[in-house]
Amino acid sequence: MKKHVVIVGAGFAGLELAARLSESLADAVHVTLIDKNDAFYFGFSKLDVLLGRRPPADVLLHYGEIAKEGVEYRRETVTAIDPARRRVITNEGSYDADFLAVALGADYDLAATPGFQQGGFEYYSLAGAERLRAALDDFEAGTVLISVLGHPFKCPPAPFEGAFLLHDLFTRRGIRDAVNIRMTYPMAAPVPVTKEVSQMFLAALDERGIECAPKELVVGLDARERTARLASGGSVPYDLLIGIPVHRAPAVVERSGLAVNGWVPVDQTNLATRFPGVYALGDVAGGARTVAKAGIFAEAAGRVVAAHIAACLRDSEPPPPYEGDGNCYVEFGAGMVGKVEVNFLGGPAPAGRIIAPSRELAAEKEAFAATRRRSWFGLDAHAVPVGMAARAARSLIAEGG
Ligand SMILES: Cc1cc2nc3c(=O)[nH]c(=O)nc-3n(C[C@H](O)[C@H](O)[C@H](O)COP(=O)(O)OP(=O)(O)OC[C@H]3O[C@@H](n4cnc5c(N)ncnc54)[C@H](O)[C@@H]3O)c2cc1C
């Protein structure tokens with residue numbers, strides 16, 4: 001009889017795991033893939049929406065398109081997880097798994113920063129990116145403060161990409177001289193994977209006249225006075241505040257007993273939790289060593305979990321250990337994209353190799369997305385049927401996705 005693999009969360013990690021299991025183990029496993037939404041979108045698509053390059057409807061990839069042998073997608077909301085029994089409860093029913101993969105990503109805790117919901121903007125959700133795009137249309141002059149409101153957060157380059165792209169936008173609109181772009185972040189340096197990588201970001205910020213305050217955490221906003229309060233005691237005035245929200249594991253994961261100190265601890269060689277047959281992968285997972293929360297590392301984790309399940313079923317050698325490696329593309333504005341090849345776990349310390357921004361890398365980033373559209377959804381084209389996409393976008397935006 002086929003084994004039942006239940007994957008909760010169809011993001012980078014869950015989609016890659018489902019695709020790999022379908023390719024390599026369709027004769028041995030049946031996969032149930034559960035997500036509360038009916039469409040996926042790349043994290044970086046929010047930058048497209050923020051800049052008005054693409055409407056939200058255009059960036060959605062519908063789970064209904066998935067036609068993978070042995071994979072059944074269910075649009076349901078997970079309401080409870082019992083890791084000891086490998087049982088998942090949803091708003092529609094319950095599922096018992098031989099292997100359970102928890103890939104529910106990270107949620108945003110907007111209320112963790114008092115005043116942020118009333119007085120701030122964000123572009124880490126699709127709805128937030130749309131709202132901010134509209135606010136930017138009306139913005140003519142003043143201080144834009146981009147603040148990282150907590151750590152860890154998804155995609156370490158994304159706050160800085162946001163700053164570069166806003167510089168670009170204001171320059172194109174001819175108002176850059178009237179806008180002061182400032183950043184605060186709690187880290188000692190941007191993207192601290194290695195010194196060289198941070199240096200690349202610092203140089204790019206400096207070239208664009210973007211002022212940075214490292215090791216400064218905004219802990220609250222006074223929306224009326226338009227000031228951001230710092231943990232260190234001071235405050236920063238702003239006209240438009242863009243926050244990278246505090247991240248946390250989804251509440252259902254916290255309730256399940258899987259999380260310890262915020263995230264689900266795993267054996268970083270194979271993403272296994274302390275519960276037999278239960279894995280945690282992607283942004284929801286944590287471990288002794290840091291692996292940044294990003295799609296590319298979540299996807300790599302999906303590959304390792306698929307190989308580990310195959311090894312368990314075939315009673316064969318375990319796969320090579322997870323290295324937390326992959327290529328991060330970074331938008332620098334003006335159509336230029338850079339790349340950082342990162343490996344967090346393969347050596348004694350994280351390693352990163354920088355490849356300078358170019359238009360060739362912008363094309364490579366497009367190809368990266370196209371490959372995933374093909375392997376996860378079987379789609380060759382960019383576009384999705386407009387009517388269907390528009391409906392789904394409205395429902396996603398209404399849910400704050
Ligand atoms: C602005 C921005 C830019 C980014 N750029 C990049 C980039 O260039 N490269 C990169 O690698 N990463 C990038 N990222 C990060 C990337 O999007 C995430 O790290 C990645 O999506 C994590 O994958 P995941 O599978 O762990 O979680 P997710 O992709 O977040 O998937 C989790 C899934 O779980 C589902 N879910 C959650 N709770 C429930 C529930 N209770 N019931 C059912 N389903 C549920 C969600 O609907 C979601 O589909 C970016 C992120 C942002 C915000």
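Two strands count as paired if DSSP finds at least two bridges between them. Helices (H or I, at least four residues) and strands (E, at least two) are DSSP runs, numbered from the N terminus. This is a predicted model, in which local features need pLDDT of at least 70 and side-chain atom pairs count only at pLDDT 80 or more, while totals for chains, interfaces and linings use all residues. Residues are numbered from 1 along each chain as its sequence is written.

Select strand S11 (142-148) and S17: five bridges join them, and they run parallel. Pick Val144, whose bridge partner in S17 is Leu240.

Add the rest of this open sheet of four strands, which has the order S13-S12-S11-S17 with parallel pairing. At the edges, strand S13 (211-213) and strand S17 (240-244) each pair on one side only.

Next, show helix H5 (158-172), which packs on the sheet and touches S11, strand S12 (179-184) and S17; contact requires C-beta atoms, placed from the backbone, within 7 Å. The direction of H5 makes about 180° with that of S12, where axes are lines fitted to C-alpha atoms, for helices over the stretch in contact, and angles run from 0 to 180 degrees between N-to-C directions.

Now go to the ligand. Of the 35 residues around it, Gly9, Gly11, Gly43, Gly105 and Gly282 come nearest; a residue is near if its C-beta atom, placed from the backbone, lies within 6 Å. Elements giving two or more residues to this shell include helix H1 (12-25) and strand S22 (325-333). Finally, colour by domain: domain 1 (3-106 + 249-322) and domain 2 (110-247) each supply at least three shell residues, with bounds from an automatic or database domain assignment.

Definitions and conventions
Contact = placed C-beta atoms within 7 Å.
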